[in-house]
Structure formats: C-alpha cells, structure tokens
Amino acid sequence: MGELGTARLGGKVALITGASRGLGQALAMAFAREGAALALCARGASALDEVARAVVELGGEVLAVSADLRSSRDLERLVALTLDRFHRVDILVNNASELGPTPLPYLADYPPAAFEDVLKVNLVTPFRLTQAVIGGMLLRNHGVVINVTSDAAVTGYPGWGAYAVSKAALEGLTRTWSAELAGTGLRMYAVDPGDMDTDMHRAAIPDADPSELARPDDVAHAFIQLVTSAEPALAGQRVEAAALDR
Amino acid sequence: MRRDGVRLMVIDRTAQSIRHARLAELGSFLCPGDLLVVNRSRTIPAAVAARRGEGDIVQLRLCVRHAEEWHVLCVNPDPPHANVALHVGERLRVAGTETAVRGRRADLPLLWRIDALRDGIERMLRSGEPIRYSYVPEPVPLSHYETVYANEPGSAETPSAGRSLSWELLLDLHRQGVGLSDILLHTGLSSLQDDAADAEHPLFEEWFAVSPNAAEAVNRAPRVIAVGTTVVRALETAAGHDGQASAMEGWTRLRLGPGSPLRVVDGLLTGFHEPQASHFDLLRAFLDEPLLDRAYREAIAERYLWHEFGDLCLIL
C-alpha cells in the first residue's frame with residue numbers, strides 16, 4: 001500500500017516485461033501493492049507463474065503471459081490478451097533486457113548475430129510494444145511509458161558493446177517519442193535503475209560486492225514515485241532512480 | 001507508402017459537389033469543434049485451420065463470437081475459398097483443441113454454429129491468420145491490418161476506414177481543434193464467399209459499446225463525423241429519437257439504408273467497396289442515388305483504389 005495507506009495505482013493497469021525476476025519481479029510486487037492490475041510477461045513460464053501467484057497472494061489481479069517478444073505473433077498475443085482482459089494499459093514498463101554473451105566480449109570479437117539479437121530485445125521490442133499499446137493511451141489521452149536503461153548508455157565500458165548501444169538508442173527513442181507526444185497527456189521516461197543485485201549484474205560482473213549494490217525492491221519504489229507523479233518536466237529525459245527516491 | 005498517403009474524395013451533400021484531395025488534407029475540410037469518432041476494436045487473426053474427422057483441412061472464419069457459441073464460415077483453405085458444408089454433430093480439431101458443430105444459423109445458413117473454443121481468443125492469436133480476400137494476393141502481417149488506435153481485440157476484419165489515419169494526422173487535427181472520440185464495435189465478416197448470399201446484404205449481430213464519455217462528446221459536438229460505417233452503426237444504435245446518444249453496450253442488429261434517419265452522425269469517412277456490399281446500403285442513408293452514382297463513377301474514372309488498403313471518401 002502507499003505511504004498513506006491508500007493504493008496509489010488503484011484502477012490502473014500496468015504491463016511489465018521481463019517480470020519473472022530481478023527488477024521486473026520487484027516492479028510487479030511494488031505495483032501490485034499500490035493496487036495496479038498487472039499484465040506480466042517473460043519468456044519462461046514457471047518463474048513468471050511464481051511471480052503471478054505472489055501477486056495474487058497480495059490480493060492483486062494479474063495476467064501472466066509467457067511470450068518471446070522477438071516474435072511479432074507473441075508480441076501481438078501479449079497485447080491483445082492484456083487488452084481483452086483489462087481493456088486498457090495505463091503504464092507500460094519496457095524492462096526486459098538481454099545482456100548478450102558472457103563473459104562480455106569486446107566489440108572486435110562480438111558475434112554479429114548476438115549483437116543483432118540484443119538490439120532486437122532491448123530496442124526493437126520496446127519500440128514495437130509501445131507502438132502496439134500507445135494508440136489506446138492516446139485515445140484516452142493518458143498513459144506512462146518507462147523504458148529501463150543503464151549507465152552503460154552514457155559511459156563506454158569495455159565489453160558492454162551491444163547492451164550499451166541498445167540502451168543508448170533506447171534513450172534516443174524515448175527522447176524522440178516524447179517530443180512527438182508533447183501536448184498530450186502521455187509521458188515517456190528512460191529510467192536508469194543503477195547497479196542492482198540481480199542475475200544479470202552477476203552475469204556481467206561476477207566479482208561485484210553484493211553489499212554495494214541496490215536491491216531491486218528498493219529501486220522499484222522510485223518507479224512508483226515517477227509513475228504516481230508523472231512529472232512532465234522529466235518527460236523524455238534520462239532519469240536516475242536513485243535521484244527520484246530521495 | 002505512408003498510412004495517410006492515400007487519396008480522399010470529398011462529397012459535399014449540401015453543395016452536391018465532389019472534390020479530389022489527399023487524406024493528409026483532411027483538416028482543411030473540418031472545422032474546430034467537429035468530432036471525429038473512431039472504432040477502437042482490434043483485429044484478430046480470425047481465419048483458422050480446422051481438421052475434420054476424415055483428415056480434411058478446412059478454414060473457419062470467425063464471424064460472431066457469443067460466450068458459448070461461435071458462428072463461423074467454413075471454407076476451403078485454398079482460393080477461391082468456396083464454402084464447405086459440415087455435418088451437425090461433427091467434431092473439428094482447431095488450434096490444439098476440439099469443438100463440435102451445433103448446426104447452421106437459421107437466418108444465415110452459410111454460418112455454422114460451433115461450440116465456443118475454450119481460451120478462444122488466445123487460441124486464435126496463437127494459430128489464426130488475418131482474413132484475406134483474393135485482391136490481397138500475398139499474406140500481410142496482422143500489424144498492417146490494424147488501425148493505429150487499435151485497442152480491445154475482437155474484429156474479424158479491420159474497421160478499415162480508419163486504417164489510413166496516422167497519429168501525426170490525428171494530433172494535427174487535435175491541435176486544430178477537431179475532437180477525437182471512440183466507440184467499440186467488433187466487426188464480423190464482410191463476405192460469406194457466396195455471391196448470391198452477399199447480394200442479399202446479410203445482417204448479423206455485432207458487439208458494440210459506446211462509453212459515457214463518447215456519448216457526451218457526441219452530444220456536445222456541433223458536427224459528428226464517423227470514421228467508418230461501424231461507427232455509424234454503433235452511434236445510431238445508441239441514439240434516441242431525441243437525437244441524443246446514450247452510453248450503451250450490447251449486440252446491435254441495426255440495419256441502415258436509404259431513408260434511415262441519422263440521428264447523431266453528420267458525416268462519414270469511409271473506403272470504397274463493391275456496390276453489392278452492405279456497406280453500399282449504408283451509404284444510401286447519407287447520399288441520394290444520383291449523387292452516390294456520380295461519386296462512384298468519378299471514383300472509377302479517377303482510378304481511386306478500393307478495399308481496405310485503398311483510398312477514402314469523406315461525406316459531409
């Protein structure tokens with residue numbers, strides 16, 4: 001529940017990708033606690049079903065769709081099932097990301113097919129998913145889209161090749177789309193959650209000290225802050241979760 | 001080609017004039033305060049393969065989706081998709097599950113009543129293909145059939161008048177002071193794959209919803225322009241004799257034709273379809289026969305493109 005004991009997202013519908021673990025799982029639980037109905041998506045069905053069960057235990061309403069959003073049929077299935085069940089999407093969180101091959105290869109050594117795949121998951125899919133739900137948002141003149149980014153988008157770290165490129169482009173997508181949405185009731189943000197204690201972070205940097213990493217549950221709180229304020233001044237911008245949560 | 005790159009014929013009923021323009025110029029024919037109403041129904045892949053007991057494959061085309069019973073056309077999977085007769089009680093294997101044939105619809109015998117598929121929408125989304133007619137020779141991705149504002153899924157065929165609208169155009173119109181509202185009407189089939197049956201202008205029920213917000217916007221607007229005949233059907237179903245629209249949802253069986261009163265809709269943006277289509281009947285509610293005839297002659301002479309990926313016509 002919200003700080004005042006009221007569900008701040010009661011009556012809202014949130015669609016979250018990559019919702020079976022890490023930040024996506026934390027976001028699902030945080031949004032559910034705030035009263036949002038949830039459409040959750042991930043590739044693996046069993047982990048996703050576990051998250052869905054936890055949401056139901058909280059008293060939340062949830063639709064779990066196991067889908068590979070690189071497939072246009074799967075993407076359309078996710079969107080259509082969500083709209084069939086809830087009739088609208090108020091909040092879209094493009095959270096699903098692919099790190100690419102690990103250990104992280106230098107660009108000179110990067111397998112081209114893996115590079116393309118990372119761009120497809122981290123950039124093209126958020127574009128297509130947003131395009132598939134934004135029409136309904138524009139009809140209602142209301143909606144929030146959050147694209148989850150990374151500091152790799154703005155800093156050149158050796159080995160983070162395709163992931164970094166995809167996140168930089170995702171931030172560009174956010175800026176351009178936001179400019180096109182000026183004057184509407186829609187807001188789009190790129191949120192950098194910072195370094196978190198997640199499977200993806202462990203795969204990228206196996207020797208990182210977990211005590212120095214943020215917990216996804218804490219970071220999810222910043223997303224709630226942003227969604228509930230839908231701060232117009234930040235629309236289109238890259239926003240650091242740590243700055244929001246102060 | 002851009003969605004909104006199609007041509008636009010503009011028919012002014014008062015002036016009895018016909019002009020030729022581009023859809024991108026739509027704003028120059030509308031005024032601040034005008035209200036465009038679109039159909040937000042999302043197209044589903046409504047053609048699905050079914051295996052009969054003896055192993056033959058047929059194609060089912062979903063037309064009407066009741067909770068317990070679907071009404072489907074059964075055709076040969078290959079062009080020209082001739083109708084195939086089923087047997088009452090026959091079981092069909094469809095999209096990983098089974099259904100049973102209950103019988104024909106009494107009013108439209110080409111439509112078969114079958115048990116609704118369990119998890120039906122999901123099964124169609126996994127296994128179905130968009131319904132495609134002979135003038136579309138190659139498969140087209142479902143996204144090409146969708147309007148840019150498609151929301152809840154349920155249409156067997158695209159509410160196609162709005163298919164050419166882009167958000168760039170709609171947001172421009174908004175900045176110009178033209179309002180935008182939406183209704184929901186899940187379309188059925190535009191053809192029963194039978195010339196004689198189609199010539200009878202088959203009428204079946206379609207699910208629709210007009211929200212309180214839409215009814216209020218319609219009642220407030222000085223001029224209401226329906227984007228597509230589905231919007232006319234929904235709004236006129238929700239219209240009372242007092243000329244006011246009410247919030248309403250349910251099945252509509254409204255038939256509009258020559259002399260039908262238009263209680264809330266003042267104008268129509270629509271595509272070009274064959275004169276035998278029921279769509280043409282509805283146009284007669286807007287246009288008298290001589291002007292309709294003139295418009296279609298000009299459309300042919302000016303080589304307007306027909307069907308769901310074609311050009312548009314604005315009737316004011």
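A polar contact is a pair of N or O atoms within 3.5 Å; within protein, one atom must be able to donate a hydrogen and the other to accept it, and residues adjacent in sequence count only if both atoms are side-chain atoms. The model is predicted, so local features need pLDDT of at least 70 and side-chain atom pairs count only at pLDDT 80 or more, while totals for chains, interfaces and linings use all residues. Residues are numbered from 1 along each chain as its sequence is written, chains are lettered from A and ligands numbered from 1 in the order in which they are written, and side-chain values use heavy atoms, with hydrogens and water left out.

**Exercise 1. Describe the interface of chain B and chain A.**

Step 1. Take contact as heavy atoms within 4.5 Å. On this basis 25 residues of chain B touch 19 residues of chain A.

Step 2. Buried area is the accessible area (1.4 Å probe) that two parts lose on being put together, summed over both. Here the value is about 1700 Å², with 55% given by carbon and sulfur atoms. Of the area that chain B buries against chain A, R42(B), L125(B) and N151(B) supply 32%, more than any other three residues.

Step 3. Count the polar pairs. Eight residue pairs are in polar contact across the interface, both residues being at pLDDT 80 or more.

Step 4. Assign the chain B side to elements, where helices (H or I, at least four residues) and strands (E, at least two) are DSSP runs numbered from the N terminus. Strand 4 (42-43), helix 1 (120-127), helix 3 and strand 12 (179-185) of chain B each give two or more residues. Helix 1 of chain B gives the most, with six residues.

**Exercise 2. Find the salt bridges across the interface, and one within chain B.**

Step 1. Apply the rule: a side-chain nitrogen of Lys or Arg within 4 Å of a carboxyl oxygen of Asp or Glu. Over all chains the count is 40.

Step 2. Three salt bridges cross between chain B and chain A. E122(B) pairs with R77(A) in a salt bridge whose closest N and O atoms are 3.1 Å apart.

Step 3. Within chain B, D34(B) forms a salt bridge with R223(B), at 2.7 Å between the closest N and O atoms. This pair links distant parts of the chain, 189 residues apart: D34(B) is in the loop between strand 2 (17-22) and strand 3 (35-39), and R223(B) is in the loop between helix 5 (212-220) and strand 14 (224-227).

**Exercise 3. Locate the unusual backbone angles.**

Step 1. Most residues other than glycine have a negative phi, and most peptide bonds are trans.

Step 2. T102(A) and P103(A) are joined by a cis peptide bond, with omega about -10°. P103(A) lies in the loop between strand 4 (91-94) and helix 4 of chain A.

Step 3. Another cis peptide bond joins P79(B) and P80(B), with omega about 5°. P80(B) is in the loop between strand 7 (69-75) and strand 8 (91-94) of chain B.

Step 4. H87(A), a residue other than glycine, has a positive phi near 70°. Its place is in the loop between helix 3 and strand 4 of chain A.
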